[in-house]
Amino acid sequence: MSTLFRKKGLKPKWTFTTEGIIWRLFYSESKKIVGEIRNADSQNVSFFCLDACNGKPLWKNVRFDEKWWIGIENVDDRFVYFHRFIQPNMPQHQGIECRTLDKCEMQWRNDELTFWYLSDEKVCGYKDFFEQRKTYWLDRQTGNILSDVSVEEMSHDDKNGLKNFILAPMPATLMAVGEEIQNLVQRNGTPNILLDTVEAIETYWYWIVGYYSNENENQYSLHLEILDRSSGKSVYSIIQEQECLYQVHENFFVANSWLYFVIDKNKLNGIELWK
């Protein structure tokens with residue numbers, strides 16, 4: 001029987017710094033983090049993949065022939081799925097480009113279909129026609145079309161068995177919290193907390209809590225706190241971002257025994273909460 005041990009003196013075990021804004025993060029069940037970095041000034045996008053336990057990149061600074069209008073659609077334990085767009089002034093996804101998770105090497109590509117979701121060893125893609133949407137099953141390894149099926153014909157098992165690894169398979173869901181956690185946050189003491197922005201993840205030992213405070217009428221600061229569940233005391237706190245002009249939620253996630261969060265839009269951090 002395994003025993004869990006909480007980590008003392010919590011602090012980031014690793015930090016990965018990028019040259020642009022970390023726009024999206026995806027967590028794979030094979031303990032990899034895939035990220036999308038965007039630089040609005042130069043209109044460039046690049047991608048990276050890290051070992052989620054030590055922050056070391058398997059690959060980074062990967063760019064494609066399309067400099068801006070491309071993004072990550074999803075990941076699984078072996079592959080990363082990229083999408084392009086129909087055209088810049090119509091930001092609707094089109095195309096599926098499947099690359100290996102470990103090296104970002106091309107596996108297969110389909111320019112006609114749009115990614116929908118993953119199910120077992122299949123990828124579900126679709127194409128919109130004038131009066132209907134046609135759906136296809138593709139082999140995840142080869143990209144070959146296995147069959148086509150209408151939405152109405154999809155089996156109950158396929159709908160319920162879909163896999164989507166956006167952000168992370170969390171051990172506890174990010175949740176709107178009750179009065180107990182709001183009181184703990186207030187007691188641990190940041191002034192001007194906006195209580196309606198408090199969100200938390202419940203883990204074995206800790207509450208992971210995020211919230212905004214308002215510095216003035218038009219600017220906010222984004223905070224992250226780790227609260228000991230037994231004592232209610234804060235064991236780690238940091239300001240993720242200052243002088244925010246608007247609020248964005250779900251700024252952290254937990255996968256397995258790790259907490260992941262971004263500071264100043266370009267520094268991804270990993271804290272091991274327990275072993």
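Is S257 buried or exposed? In this predicted model, S257 is buried, with a relative accessible area of 13%; the cut-off for buried is under 20%. You can find S257 in the loop between β20 (252-255) and β21 (258-263). Leaving aside its neighbours within four places in sequence, S257 is in contact with I271, E272, L273 and W274.

**Salt bridges**

Let us turn from S257 to the charged side chains. Side chains of opposite charge can pair when their charged atoms come close. The structure holds 16 salt bridges. Three of them are set out here, each with the N to O distance.

| Pair | N to O distance |
|---|---|
| R78 and E121 | 2.6 Å |
| R109 and E97 | 3.6 Å |
| R229 and E202 | 2.8 Å |

Start with R78 and E121, whose side chains meet in a salt bridge. R78 sits in the loop between β6 (70-75) and β7 (79-87), and E121 in the loop between β10 (114-119) and β11 (122-128), so this pair ties together parts that are 43 residues apart in sequence. As for their surroundings, R78 is partly exposed at a relative accessible area of 30%, and E121 is partly exposed at 47%.

What do R109 and E97 tie together? R109 belongs to strand β9 (residues 106-110) and E97 to strand β8 (residues 90-100), so their salt bridge links parts that are 12 residues apart in sequence. R109 counts as partly exposed, with 41% relative accessibility, whereas E97 is buried, with a relative accessible area of 3%.

The third pair is R229 with E202, joined by a salt bridge whose closest N and O atoms are 2.8 Å apart. Here a loop meets a strand: R229 lies in the loop between β18 (219-228) and β19 (234-244), while E202 lies in strand β16 (residues 199-202), so the pair ties together parts that are 27 residues apart in sequence. R229 is partly exposed, with a relative accessible area of 39%, and E202 is partly exposed too, at 31%.

**A shared network**

Which residues do salt bridges with shared partners join into one network? They are D65, R84, E97, R99, R109 and D111. Two of these names are already familiar from the table: E97 and R109, whose side chains meet in a salt bridge. When you look at the structure, E97 in strand β8 and R109 in strand β9 are a good place to begin following this network.

Terms used: Residues numbered from 1 in each chain as written. Predicted model: local features only at pLDDT ≥ 70, side-chain atom pairs only at ≥ 80, totals over all residues. Heavy atoms only, no water. Salt bridge = Lys/Arg side-chain N within 4 Å of Asp/Glu carboxyl O. Helix = DSSP H or I, 4+ residues; strand = E, 2+ residues; numbered from the N terminus. Buried < 20%, exposed > 50% of the residue type's maximum accessible area, 1.4 Å probe, protein only. Contact = heavy atoms within 4.5 Å.
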